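Work through these short exercises on how two domains of one protein meet. Try each task before reading its solution.

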Amino acid sequence: MRYPESFEIAGRKLSPPLVLSPMAGVTDSPFRRVAKKCGGVGLIVTEFISVEGLTRGNLRSHEMMRYKPEERPIAIQIFGYDIERMRWGAEIAEEAAADFVDINCGCPAKKVVNGGGGSNLLRDLPQLKKILTEVKRAISIPMTVKIRAGWDDKTINCIEVAKLIEDCGGAMITLHGRTRVQGYKGWANWDLVREIKNNVSIPVSGSGDIVKPEEAMRRFEETGADAVHIGRGAISNPYIFRQTWEAMNGLPRYQPPPREMHELLLEFRDNLREHMPERGVIGRMKMLSAQFLKGVRDGAPIRTAVLRSNSVEDMEPLFEEYFALAEVHGIDAELQCARDESAELAECGA
Ligand SMILES: Cc1cc2nc3c(=O)[nH]c(=O)nc-3n(C[C@H](O)[C@H](O)[C@H](O)COP(=O)(O)O)c2cc1C
């Protein structure tokens with residue numbers, strides 16, 4: 001099988017066809033820069049940003065739009081329900097020089113859905129149509145849309161929604177093949193990615209459960225997707241994009257030496273310190289460490305100690321200890337990439 005080398009959004013070529021999936025509380029600028037540095041990322045999507053916050057001058061929402069030049073190409077993802085505010089939010093994203101504006105129609109969190117946005121739009125197609133038409137009319141950069149399979153098992157409507165998105169001028173569709181009701185349980189249905197692909201002529205990307213390069217390759221083969229999104233798999237292994245790209249090209253897979261991984265973690269710390277107060281840095285370091293410090297024999301107690309630390313200074317000798325152990329025992333890539341459901345808890349602040 002020849003895997004795609006690139007994909008195109010409204011005529012703009014992006015390569016590799018591997019996308020860092022948006023994750024609230026995870027894919028902020030400090031993390032995105034680390035992921036991008038590891039290589040193989042063709043497109044980055046920000047965390048979802050509330051248009052209510054953006055259009056009411058909420059500082060944090062505006063902060064969330066900031067990115068460094070090395071993160072491009074970048075899609076800024078917005079969510080909301082109000083047509084005027086969605087248009088305005090998209091205009092703000094365009095002013096922030098985003099390459100694309102991505103509309104969130106997938107978030108399952110109660111507070112988002114109760115406000116009418118996220119996956120609620122999958123059961124309010126007249127409103128979705130108005131939002132997409134208005135956003136498309138207002139911006140000159142391409143509009144992309146990320147959806148779920150449907151609201152619940154009985155109302156799987158992603159094919160209909162995909163056609164609507166295409167009709168409204170959407171430039172790419174990403175499907176996370178779970179329903180809203182499903183949350184993160186079970187598995188994403190990738191057959192639906194293939195079905196959407198057969199029903200629209202704009203590019204289609206799939207999302208869900210990829211934690212190994214072989215899984216991404218299999219999804220390309222089975223669905224004919226133009227790209228794949230990788231989310232949680234990139235938290236425990238930000239090298240997954242590079243490794244997937246190498247595997248797609250029949251090249252040996254890069255395994256970073258422990259020293260490099262240690263440096264990456266410290267770089268993440270420095271990125272965070274530029275970006276937020278120390279209290280936030282501690283929380284984010286713990287979040288990443290819980291996923292990243294895996295796969296080393298006898299490493300679990302060190303990881304636990306990191307998670308109990310009160311300061312980043314307390315964590316640093318533990319990182320040294322962990323990576324020294326990794327030099328001795330090696331890192332088991334299988335274990336490092338093992339699925340971990342705990343990251344789901346942070347989803348969309350739910
Ligand atoms: C912590 C977390 C936060 C997420 N936040 C967003 C978000 O802001 N916008 C969005 O479209 N999807 C969000 N998602 C969904 C992911 O982008 C992705 O579609 C989903 O996790 C399935 O892919 P994965 O198995 O590769 O993680 C989030 C997922 C997680 C786990």
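**Exercise 1.** Find what joins the side chains of Asp 28 and Arg 284, and place the link among its kind.

*Solution.* Start with the pair: Asp 28 and Arg 284 form a salt bridge, 2.7 Å from N to O. The term asks for a side-chain nitrogen of Lys or Arg within 4 Å of a carboxyl oxygen of Asp or Glu. Next, count: four salt bridges run between domain 1 and domain 2. The model is predicted: local features need pLDDT of at least 70, side-chain atom pairs need 80 or more, and totals for chains, interfaces and linings use all residues. Numbering starts from 1 along each chain as its sequence is written, and side-chain values use heavy atoms, without hydrogens or water.

**Exercise 2.** State the bounds of the two domains and the distance between their centres.

*Solution.* Domain 1 spans 7-248 and domain 2 spans 258-330. These bounds come from an automatic or database domain assignment. Over C-alpha atoms, the centres lie 29 Å apart. Into the contact (heavy atoms within 4.5 Å) go 16 residues from domain 1 and 16 residues from domain 2.

**Exercise 3.** Give the area that domain 1 and domain 2 bury between them, and its share on carbon and sulfur atoms.

*Solution.* The buried area is about 1400 Å². That is accessible area (1.4 Å probe) lost when the two parts are put together, summed over both. Carbon and sulfur atoms carry 59% of it.
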